[in-house]
Amino acid sequence: MAPRSLELIFLLIIVVVPMKGTVAYSSIHELLRSHGLPAGLFPKSVKSYNLDQRGVLEVHLDHPCMAKYETRVLFETVVRANLSLGQLKGLEGLSQEELFLWLPVKDIIVDDPLSGLILIDIGLAHKQLSLSLFEDPPVCRSQGLELNMPGRKNIGFQDQR
Ligand SMILES: *[C@@H]1O[C@H](CO)[C@@H](O)[C@H](O)[C@H]1NC(C)=O
(Lines give C-alpha, C1' and ligand atoms only; values in the text may rest on other atoms or scores of the structure.)
Protein backbone atom coordinates (compact mmCIF):
# COMPACT_ATOMS: atom_id res chain seq x y z
CA MET A 1 0.00 0.00 0.00
CA ALA A 2 1.44 3.37 -0.95
CA PRO A 3 2.26 5.75 1.91
CA ARG A 4 -0.22 8.21 0.47
CA SER A 5 -3.18 5.93 0.97
CA LEU A 6 -2.02 5.10 4.49
CA GLU A 7 -2.08 8.78 5.25
CA LEU A 8 -5.53 8.99 3.84
CA ILE A 9 -6.75 6.09 5.96
CA PHE A 10 -5.30 7.72 9.06
CA LEU A 11 -7.03 10.92 8.20
CA LEU A 12 -10.33 9.10 7.76
CA ILE A 13 -9.97 7.40 11.12
CA ILE A 14 -9.22 10.69 12.86
CA VAL A 15 -12.10 12.51 11.22
CA VAL A 16 -14.77 9.84 11.07
CA VAL A 17 -14.38 7.94 14.33
CA PRO A 18 -15.14 10.86 16.67
CA MET A 19 -18.34 11.51 14.72
CA LYS A 20 -19.70 8.10 15.65
CA GLY A 21 -19.77 9.12 19.28
CA THR A 22 -22.02 12.10 18.83
CA VAL A 23 -25.57 11.24 17.96
CA ALA A 24 -26.08 13.15 14.77
CA TYR A 25 -28.98 12.39 12.49
CA SER A 26 -29.22 14.18 9.21
CA SER A 27 -32.98 14.55 9.49
CA ILE A 28 -35.94 14.05 11.74
CA HIS A 29 -36.95 11.21 9.45
CA GLU A 30 -33.71 9.37 10.04
CA LEU A 31 -34.07 9.98 13.76
CA LEU A 32 -37.54 8.41 13.71
CA ARG A 33 -36.33 5.37 11.79
CA SER A 34 -33.47 4.88 14.21
CA HIS A 35 -36.09 4.69 16.96
CA GLY A 36 -38.19 2.09 15.18
CA LEU A 37 -40.79 4.60 14.02
CA PRO A 38 -41.90 5.30 10.46
CA ALA A 39 -40.32 8.37 8.83
CA GLY A 40 -43.64 9.75 7.66
CA LEU A 41 -44.86 10.66 11.14
CA PHE A 42 -43.53 14.13 10.42
CA PRO A 43 -43.97 15.97 7.14
CA LYS A 44 -41.28 16.83 4.62
CA SER A 45 -41.31 20.47 5.61
CA VAL A 46 -39.79 20.13 9.09
CA LYS A 47 -37.57 23.17 9.59
CA SER A 48 -35.54 21.92 12.53
CA TYR A 49 -35.75 19.64 15.50
CA ASN A 50 -34.09 19.15 18.83
CA LEU A 51 -33.75 16.06 20.98
CA ASP A 52 -32.51 16.59 24.50
CA GLN A 53 -30.87 14.10 26.83
CA ARG A 54 -34.13 13.19 28.52
CA GLY A 55 -35.57 12.21 25.15
CA VAL A 56 -37.77 15.26 24.77
CA LEU A 57 -38.19 15.87 21.07
CA GLU A 58 -39.18 19.29 19.77
CA VAL A 59 -40.00 19.65 16.09
CA HIS A 60 -40.29 23.04 14.42
CA LEU A 61 -42.27 23.87 11.30
CA ASP A 62 -42.62 27.20 9.53
CA HIS A 63 -46.39 27.34 9.98
CA PRO A 64 -49.16 25.16 11.29
CA CYS A 65 -50.04 22.81 8.46
CA MET A 66 -52.26 19.94 7.52
CA ALA A 67 -51.31 16.59 6.07
CA LYS A 68 -53.45 13.75 4.80
CA TYR A 69 -52.91 10.24 6.07
CA GLU A 70 -55.93 8.03 6.61
CA THR A 71 -57.56 11.13 8.07
CA ARG A 72 -56.36 14.70 8.15
CA VAL A 73 -53.70 15.59 10.68
CA LEU A 74 -52.85 19.06 11.90
CA PHE A 75 -49.33 19.97 12.91
CA GLU A 76 -48.82 23.05 15.04
CA THR A 77 -45.68 25.14 14.47
CA VAL A 78 -44.04 23.35 17.38
CA VAL A 79 -44.70 19.68 18.11
CA ARG A 80 -43.31 18.14 21.29
CA ALA A 81 -43.13 14.55 22.47
CA ASN A 82 -41.07 12.17 24.53
CA LEU A 83 -39.20 9.98 22.12
CA SER A 84 -38.12 6.47 22.99
CA LEU A 85 -37.80 3.22 21.11
CA GLY A 86 -41.02 2.72 19.17
CA GLN A 87 -42.83 5.50 21.02
CA LEU A 88 -43.77 9.14 20.82
CA LYS A 89 -45.48 9.85 24.14
CA GLY A 90 -47.20 12.85 25.61
CA LEU A 91 -47.49 14.55 22.24
CA GLU A 92 -48.30 18.24 22.09
CA GLY A 93 -49.12 20.13 18.94
CA LEU A 94 -50.59 17.30 16.90
CA SER A 95 -54.26 16.68 16.29
CA GLN A 96 -56.26 14.56 13.93
CA GLU A 97 -59.68 14.83 12.44
CA GLU A 98 -62.20 12.36 13.72
CA LEU A 99 -65.89 12.68 12.84
CA PHE A 100 -65.46 16.41 12.13
CA LEU A 101 -63.71 17.03 15.41
CA TRP A 102 -60.08 17.82 15.88
CA LEU A 103 -58.75 15.61 18.64
CA PRO A 104 -55.29 15.90 20.14
CA VAL A 105 -53.08 12.91 19.51
CA LYS A 106 -51.47 11.78 22.76
CA ASP A 107 -49.29 8.81 21.99
CA ILE A 108 -48.02 7.05 18.91
CA ILE A 109 -46.68 3.58 19.51
CA VAL A 110 -45.14 0.85 17.40
CA ASP A 111 -44.95 -2.17 19.70
CA ASP A 112 -43.85 -4.64 17.11
CA PRO A 113 -42.68 -3.46 13.69
CA LEU A 114 -43.28 -6.96 12.32
CA SER A 115 -46.98 -6.62 13.04
CA GLY A 116 -47.11 -3.81 10.47
CA LEU A 117 -49.32 -1.87 12.84
CA ILE A 118 -49.08 1.48 14.55
CA LEU A 119 -51.17 2.55 17.52
CA ILE A 120 -52.53 6.08 17.64
CA ASP A 121 -53.89 7.13 21.02
CA ILE A 122 -56.30 10.05 20.79
CA GLY A 123 -57.39 9.87 24.39
CA LEU A 124 -60.96 8.79 23.79
CA ALA A 125 -59.91 5.94 21.60
CA HIS A 126 -57.01 3.89 20.38
CA LYS A 127 -56.71 3.38 16.68
CA GLN A 128 -54.64 0.73 15.03
CA LEU A 129 -53.49 1.68 11.57
CA SER A 130 -51.22 0.18 9.00
CA LEU A 131 -47.61 1.28 9.36
CA SER A 132 -47.41 1.64 5.61
CA LEU A 133 -49.62 4.75 5.81
CA PHE A 134 -46.74 6.50 7.56
CA GLU A 135 -43.86 5.25 5.48
CA ASP A 136 -43.21 8.42 3.47
CA PRO A 137 -43.14 11.95 4.88
CA PRO A 138 -46.27 13.67 3.57
CA VAL A 139 -46.63 17.09 2.06
CA CYS A 140 -48.08 19.41 4.68
CA ARG A 141 -50.17 22.36 3.51
CA SER A 142 -50.81 25.55 5.38
CA GLN A 143 -53.00 27.20 2.73
CA GLY A 144 -56.64 27.43 3.64
CA LEU A 145 -56.22 26.15 7.16
CA GLU A 146 -58.56 28.72 8.65
CA LEU A 147 -61.18 28.12 5.96
CA ASN A 148 -61.17 24.40 6.49
CA MET A 149 -61.35 24.65 10.20
CA PRO A 150 -63.93 27.09 11.42
CA GLY A 151 -63.72 27.54 15.14
CA ARG A 152 -60.17 26.40 15.37
CA LYS A 153 -59.35 29.53 17.33
CA ASN A 154 -62.04 28.70 19.88
CA ILE A 155 -61.80 24.96 20.28
CA GLY A 156 -58.23 24.75 19.05
CA PHE A 157 -55.65 22.46 20.35
CA GLN A 158 -54.27 24.96 22.82
CA ASP A 159 -57.56 25.29 24.67
CA GLN A 160 -58.50 21.66 24.91
CA ARG A 161 -56.06 20.72 27.60
C1 LIG B 1 -41.99 13.35 29.16
O2 LIG B 1 -40.69 13.58 29.68
C3 LIG B 1 -40.65 14.52 30.74
C4 LIG B 1 -39.19 14.78 31.06
O5 LIG B 1 -38.45 13.62 31.17
C6 LIG B 1 -41.46 13.97 31.91
O7 LIG B 1 -41.45 14.90 32.95
C8 LIG B 1 -42.88 13.72 31.45
O9 LIG B 1 -43.63 13.13 32.49
C10 LIG B 1 -42.91 12.81 30.24
N11 LIG B 1 -44.28 12.70 29.76
C12 LIG B 1 -44.81 11.55 29.35
C13 LIG B 1 -46.23 11.60 28.89
O14 LIG B 1 -44.21 10.51 29.32
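This is a walk through the structure, one selection at a time. Keep in mind as you click around that the model is predicted.

**Stop 1: the whole chain**

Start with the protein chain in cartoon view. You should be able to pick out four helices and nine strands. Follow the chain along its sequence and the order reads α-α-β-β-β-β-β-β-β-β-β-α-α. Of the 161 residues, 38% are buried. Now switch on a surface: the chain exposes about 10,000 Å², and carbon and sulfur atoms supply 59% of that area. As for contacts with a separation of 6 or more, 41% of them link residues 24 or more positions apart.

**Stop 2: the ligand**

Select the ligand next. Which residues surround the ligand? Look for Arg54, Asn82 and Gly90. Zoom in on Asn82, where a polar side-chain atom lies 2.4 Å from an oxygen atom of the ligand. Taken alone, the ligand exposes 360 Å², and the protein buries 40% of that.

**Stop 3: strands E1 and E2**

Select residues 48-51 for strand E1 and residues 56-60 for strand E2. These two strands run antiparallel and are joined by four bridges. To see a facing pair, show Leu51, which stands opposite Leu57 in E2. E1 and E2 form a hairpin with four residues between the strands. Click on Gly55 in this hairpin and you'll find a positive phi near 90°.

**Stop 4: strands E3 and E4**

Move on to E3 (65-68) and E4 (72-84). Here is another antiparallel pair, again joined by four bridges. Three residues sit between E3 and E4 in their hairpin. For a bridge to look at, try Met66, whose partner in E4 is Leu74.

**Stop 5: the nonpolar core**

Now hide the cartoon and look inside. In soluble globular proteins, nonpolar side chains tend to be buried together. In this model, the largest nonpolar core has 32 residues. Select Leu41, Phe42, Phe75, Leu88, Ile108 and Ile118, the residues with the most contacts inside this core. Which elements each supply at least two residues of the core? Among them are helix H2 (28-34), E2 and E3, and the list also includes E4, E5 (87-98) and E8. E4 gives the most, with five residues.

Stay with Phe75 for a moment and display what it touches. Leaving out residues up to four places away in sequence, its contacts include Leu41, Phe42, Pro43, Leu61 and His63. Gly93, Leu94 and Cys140 are also among the residues Phe75 touches.

**Stop 6: strand E5 and the loop after it**

Find Glu97 in strand E5. Is Glu97 buried or exposed? Glu97 counts as buried because its relative accessibility is 18%, below the 20% cut-off. Beyond residues up to four places away in sequence, Glu97 touches Thr71, Arg72 and Trp102.

Then step into the loop between E5 and strand E6 (101-104), where you'll find Leu99. Leu99 isn't a glycine, although it has a positive phi of about 50°. Phe100 is in the loop between E5 and E6 too, and its phi is near 70°, a positive value in a residue other than glycine. Why do these two count as exposed? The cut-off is over 50%, and Leu99 has a relative accessibility of 73%, while Phe100 has a relative accessible area of 76%.

**Stop 7: strands E7, E8 and E9**

For the last stop, select E8, residues 117-121. E8 is mostly covered, with four of its five residues buried. On one side of the pairing list is E7 (residues 107-109), which pairs with E8 in the antiparallel sense over three bridges. E8 also pairs with E9 (residues 126-130), again antiparallel, over five bridges. To check each pairing, show Ile109 with its partner Leu119 in E8, and Ile120 with its partner Lys127 in E9.

Leu119 is a good residue to centre on. Its C-alpha atom is separated by 5.7 Å from that of Ile108, 11 residues apart along the chain. Apart from residues up to four places away in sequence, Leu119 touches Asp107, Ile108, Ile109, His126, Lys127 and Gln128.

Finish at the hairpin of E8 and E9, which has four residues between the strands. Pick out Gly123 there, with its positive phi near 75°.

Conventions:
Residues are numbered from 1 along each chain as its sequence is written. This is a predicted model: local features need pLDDT of at least 70, side-chain atom pairs count only at pLDDT 80 or more; totals for chains, interfaces and linings use all residues. Side-chain values use heavy atoms; hydrogens and water are left out. A residue is near a molecule or strand if one of its heavy atoms lies within 4 Å of it. A polar contact is a pair of N or O atoms within 3.5 Å; within protein, one must be able to donate a hydrogen and the other to accept it, and residues adjacent in sequence count only if both atoms are side-chain atoms. Accessible areas come from the Shrake-Rupley method with a 1.4 Å probe; for residues, only the protein chains shown count as cover. Two strands pair if DSSP finds at least two bridges between them. Buried means under 20% relative accessible area, exposed over 50%, partly exposed in between (1.4 Å probe, protein chains only). Contact means heavy atoms within 4.5 Å. A nonpolar core is a set of buried Ala, Val, Leu, Ile, Met, Phe, Trp, Tyr and Cys residues joined through side-chain atoms within 4.5 Å.
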